[in-house]
Amino acid sequence: MSDYHAGFVSFVGRPNVGKSTLTNALVGEKVAITSSKPQTTRRAIRGIVHQRGGQLVLVDTPGIHRPRTLLGERLNTLVQSTLGDVDVIGFCVPADEKIGPGDRFINDQLDDYPNAKKVAIVTKIDAAGKTQVAEQLLAVSALREWEAIIPISATSRIQLDTLTSELLKLLPESPGPLYPEDAVTDEGLEERIAEYIREAVLEGVEDELPHSLAVTIDDIVERDDKDLVEVYANLFVERDSQKAIVIGKGGSRIRDVGVEARKPIEQLLGRKVFLSLRVKVAKDWQRDPKQLGRLGF
Ligand SMILES: Nc1nc2c(ncn2[C@@H]2O[C@H](COP(=O)(O)OP(=O)(O)OP(=O)(O)O)[C@@H](O)[C@H]2O)c(=O)[nH]1
């Protein structure tokens, strides 16, 4: 098979610039969680885009930021080990916000990965006027020498094919696909279910919670007697006050979370799901190496 290209691509950029939404739009299935709150992406999730001419393996990183807690440090280590390994880095900046110190900080970090080809992606062009987009393209081109600068909208699906083919061209030639053609992610079932639950909990809560929330799956039980899968999950927060927020008055919030989280899980499993959510407090887990390990970081 000549002229087949396959390899790893990672999107980086400030929180909230649309990396997860873009990953999902390219892959066409819900693999990375999105949220209107910054920094909700925590682990390197791979989405896989299959094309006739090649295969893009998307590595979704938590975003580069200055570490404040032990969790922050681990996340940065994760970012470094991920980026040291990819063929192409897609630097994302939104069309509707001026380039600021946060963008420059990340752009500077990209010098540490000389082996990766670098592409600039101007996101959310549906949310900006033509002039604004043009100005942003110009501003981005001044940051460094890019292999390509591509304006896109993930939500309006503008220029996604262009982006895919530009990225494919930059990937190394490969004798064939790196992953089976029917794979969309190499993440385990449990991790995907845990991410869906996290996403449902984060919907409609204040800023403080995202960092303080971890979800683990205790058990997934397939019932023989009913067409039902039982999922037992734990939600860990850091403080009693957060536990109260997550549970809500008389358990109202956690019930809503259950209803919301069940939808994508049922779609993923193709079965009806019984979801048990237990909220637990693990004091200051972000700063405690032992607890971080137990929660999968
Ligand atoms: N108008 C518009 N909004 C978008 C687009 N892509 C993403 N968004 C919105 O921008 C917000 C952030 O999107 P995410 O994909 O979660 O951003 P992210 O960069 O992955 O954020 P972190 O996970 O925090 O690093 C969400 O509210 C999205 O709906 C787009 O193409 N157009």
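Aspartate 85 counts as partly exposed because 14 C-beta neighbours lie inside 10 Å. A buried residue would need 20 or more, an exposed one 12 or fewer. The model is predicted. Aspartate 85 sits in the loop between helix H2 (70-83) and strand E4. Its C-alpha atom is separated by 8.6 Å from that of asparagine 115, although the two are 30 residues apart along the chain.

**Strand E4**

The loop with aspartate 85 leads to E4, which spans residues 88-94. How many residues of E4 are buried? Seven of its seven residues are, and the strand is mostly covered. In a regular strand, side chains alternate between the two faces of the sheet. Both faces of E4 are covered. Val88, Gly90, Cys92 and Pro94 are buried on one side. Ile89, Phe91 and Val93 are buried on the other.

**Pairing of E4**

E4 is joined by bridges to strand E1 and to strand E5. The table sets out both pairings.

| Strand pair | Residues of the partner strand | Bridges | Direction | A bridge pair |
|---|---|---|---|---|
| E1 and E4 | E1: residues 5-12 | four bridges | parallel | valine 9 with valine 88 |
| E4 and E5 | E5: residues 117-123 | seven bridges | parallel | valine 93 with valine 122 |

Two residues of the table also appear in the burial pattern. Val88 is buried on one side of E4, and valine 88 is the bridge partner of valine 9. Val93 is buried on the other side, and the bridge partner of valine 93 in E5 is valine 122. From E4 the chain crosses through helix H3 (residues 101-109) to E5. This β-α-β crossover is right-handed.

**Helix H1**

Helix H1 covers residues 19-27. Which residues of H1 are buried? They are Lys19, Ser20, Leu22, Thr23, Leu26 and Val27. These residues lie on the same side of H1 because they cover an arc of only 160° around the axis. Glycine 28 follows H1. The phi of glycine 28 is positive, near 80°.

**The whole protein**

The protein has ten helices and nine strands. Of its 297 residues, 35% are buried. Contacts can also be sorted by sequence separation. Among those with a separation of 6 or more, 68% come from residues 24 or more positions apart.

Key:
Residues are numbered from 1 along each chain as its sequence is written. This is a predicted model: local features need pLDDT of at least 70, side-chain atom pairs count only at pLDDT 80 or more; totals for chains, interfaces and linings use all residues. The arc is that of the directions from the helix axis to the C-beta atoms. Two strands pair if DSSP finds at least two bridges between them. A crossover is right-handed if, with the strands pointing away from the viewer, the path from the first strand over the helix to the second runs clockwise. Two residues are in contact if their C-beta atoms, placed from the backbone, lie within 7 Å.
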